[in-house]
Amino acid sequence: MKFVALLSGGKDSIYSTLKAIQNGHELVCCAHLAPMPSQQSMEEESYMYQTAGSEVVRSQVEECIGVPFYMRQIHGHSKNKSLVYDNDGSDVSDEVEDLYLLLEQIITNHPEVTGVSSGAILSTYQRTRIEHVCSRLGLTSLSYLWRLSSQRSLLDSILDDGEIEAILVRVACPPGLMPYRHLGKSLRDLRDRGVLDHLKDKFGMHPAGEGGEYETMVLDCPKLFKHGRLVMDETEIICDENDDGVGILKIIDWKVEKKNSDCKEENTCSYNANDGRISCQQQITERVQTSVSSPSTPNRIDDIMTKHVVKSFVQSMHTPNVQMMRGGLCHISALLSPMSYNQESSEADAAVREFLATIKTLDNLFGTFFPNDTPKTSSHDILYVHLYLSEMSHFAKINEHYVKFFGTHLPPSRACVAVGKGALPGGRRVMMDCVLQRGSGGYLRSDGDSLIDRPDSFLKQAFQNKHHLLRKCLHVQSLSHWAPVCIGPYSQANTLRSAVVFLAGMIGLVPETMKLIEPTSSEVSDWEVQLCQSWKNAAAVLDGLDDGGGLMGGKLEDSLGALIYVSQSALESLFDHDDNVDPWKRLWSKAASISRESLSCNGGVIMGSVDGSAPDALPSDVDPSLYDEDGVLYGGYEDEGTWREISGNTASLTITESEKTTEVPLLMVCLPELP
């Protein structure tokens, strides 16, 4: 994928760009958001962008990296400060819209660009806004630092793997980091002398600066800076008038030392912040005054049905099951089209018509069972969907209409499987189950300031409840090393009342490549390693959850139950054995063993290690044999299989259940097709 890198000039955005290239993507150009020229003394306050050191980013990109540079001044401000960002472009006063307009110009000039990399690590605020802009422009967000590792490990990766040389250009961590003592100092030197570790132990500072304690400017990154490196000649320390512990390093004069010895010109090019060559007025992208329209929001169900669904339906014995519980929780199962369509040009077209009829039935149920809800109960209130298809080949066409009904903004979690032709009631091609919480859609999309006066409003009751959150949605749309990106209009997880988590279906995808994991030994089959990876992905998602108050998500052992789908090919692979053991029993035994082991060690994911809440000692339920003599999990390799294969010890590749097992109910179903 060809991508544009969002660069602040700091270590995170530079290292993220490098990681994107290492994952096979091609860098086309770089983009930067800079403060207005009138803001000269202190950094422009921004919740989204680092602007300290902004004056040298052009030199960093064009002369050190050697790609085109695009910049736009930040005209907007941090208007919408909630974690959930929703803007169709009609309000251009938010600073996020400056990013939209900048990227819009870039893809006009470079239509080959389909991805955007950023340095988001733990900031949901930043990530969701970048993903929102990417969604509106049809771009893929690349966020390879997102929940990559602990803060200390990430810092080591940036400095050692990335070979990055950076200095501090902003500090805001008194009494730890002080402007006149630490601004302009080498980040590597502060790490090596133990300064950052000391401040972490004494004040709880994030070693990688994720808490806003410091910001950096990269002077050199040999793996990315192929043409030159930055050298600071003259700088000035400017302290905040209201807080002498906060300050920035204003860069006045700098130069680029060329690395290309064939260059006929002088090997050093010097610049001044007031040089006309870097004038903000010359760099600025023209501001688009007209409102930018975004892709249309999800249409009303009647609009979706216009071209595809007949006006009247034949009555059917297959009526959905509706179970309503106290507090507005509702479970609707066995949602089917009232009739089966057999006169279509293809099976896929017939499946689409059945799906549209199914969601029409669902929409009618909202009006029938919840006629007086305020706000009106809709698809926004659904937090989990289980979609059953007769054939997986129908999925692509059905998904086009699924996204129109459920939308892409805070959608429900989803699992989708194919059960085989003729397996669904009445020969249907589509069936759906869903869980909804009345008022939860409005809860996610409201800040609670404008509540409905009705005393029985579920939305009002939810905001008045101080003990738990009614609903929280985890919807990560960026490619990363953390967990698989959502392929389609669904979320990784929806949490109900800060207690029950509805996870989306997990398959054995390697997050950073979005390709199915492959076995590293002939002794282990495809489905076995995919099942291991599925559990690992589920554990990563759980570890990424919180309840809004700093509490981490659960572990796999907290599961109320798990439904394991295996493909028919997995069962068929066990028919070749010479023994008389029933293939079903052999399949179940292997799947159960893998699952119990994953449950007992939480899929190899140490809960809270990325957020810094995990204890320094290894958890007692993690198998010590999975660590090498230096205490590194899998010897530093990506999984146990690779580690044992590289080390030559393949005798222990067969997964055995540990002595400590976690009793989570498991149900295994064998299906003709899986996603």
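The following legends describe close-up views of a predicted model.

**View 1. The six-stranded open sheet.** Six strands in the order 3-2-1-4-5-17 make up an open sheet with parallel pairing. Its edges are strand 3 (69-73) and strand 17 (478-479); each has a single partner strand, so one side of each is left without a neighbour in the sheet. Within the sheet, strand 1 (residues 2-6) is joined to strand 4 (residues 115-117) by three bridges in the parallel sense. Val4 has Val116 of strand 4 as its bridge partner.

**View 2. Helices on the six-stranded sheet.** Strand 1 and strand 4, paired in the parallel sense over three bridges, are both touched by helix 3 (residues 96-109), which also touches strand 2 and strand 3 as it packs on the sheet. The direction of helix 3 makes about 150° with that of strand 3. Helix 2 (residues 57-65) lies across strand 2 (26-34) and strand 3, and it runs at about 170° to strand 3.

**View 3. The five-stranded open sheet.** The strand order in this open sheet is 11-12-15-13-14, and the pairing is mixed. Strand 11 (321-324) and strand 14 (413-418) each have a single partner strand and occupy the edges, so one side of each is left without a neighbour in the sheet. From one strand to the next, the twist averages 5°. Strand 13 (residues 382-389) and strand 15 (residues 430-437) run antiparallel and are joined by seven bridges. Tyr384 has Val435 in strand 15 as its bridge partner.

**View 4. Helices 11 and 12 against the five-stranded sheet.** Helix 11 (residues 347-369) lies across strand 11, strand 12 (329-335), strand 13 and strand 15, at about 30° to strand 15. Of the 23 residues of helix 11, 17 are buried, and the helix is thus mostly covered. At 1.5 Å a residue, a span of 33 Å is expected for these 23 residues, which agrees with the 33 Å between the end C-alpha atoms of helix 11. Helix 12 (residues 395-406) lies across strand 13, strand 14 and strand 15, and its direction is at about 160° to strand 13.

**View 5. The pairing of strands 6 and 7.** Six bridges connect strand 6 (residues 165-172) with strand 7 in the antiparallel sense. Ile167 stands opposite Met217 in strand 7. Seven of the seven residues of strand 7 (residues 214-220) are buried, so this strand is largely enclosed by the rest of the structure.

**View 6. Two nonpolar cores.** The largest nonpolar core has 62 residues, of which Ile14, Ile164, Leu177, Tyr214, Cys221 and Phe225 touch the most other members. A second core, separate from this one, contains 31 residues, including Trp146, Leu542, Leu574 and Leu599.

**View 7. Two residues with positive phi.** Arg147 is not a glycine, yet its phi is positive, near 50°. This residue belongs to the loop between strand 5 (140-142) and helix 5 (151-161). The relative accessibility of Arg147 is 8%, so Arg147 counts as buried. Met514, likewise not a glycine, has a positive phi of about 60°. Met514 is placed in the loop between strand 20 (509-510) and strand 21 (515-516). Its relative accessible area of 19% falls under the 20% cut-off, and Met514 is therefore buried.

Conventions. Residues are numbered from 1 along each chain as its sequence is written. This is a predicted model: local features need pLDDT of at least 70, side-chain atom pairs count only at pLDDT 80 or more; totals for chains, interfaces and linings use all residues. Side-chain values use heavy atoms; hydrogens and water are left out. A nonpolar core is a set of buried Ala, Val, Leu, Ile, Met, Phe, Trp, Tyr and Cys residues joined through side-chain atoms within 4.5 Å. Buried means under 20% relative accessible area, exposed over 50%, partly exposed in between (1.4 Å probe, protein chains only). Two strands pair if DSSP finds at least two bridges between them. Helices (H or I, at least four residues) and strands (E, at least two) are DSSP runs, numbered from the N terminus. Axes are lines fitted to C-alpha atoms, for helices over the stretch in contact, and angles run from 0 to 180 degrees between N-to-C directions. Contact means heavy atoms within 4.5 Å. The expected span of a helix is 1.5 Å times one less than its number of residues.
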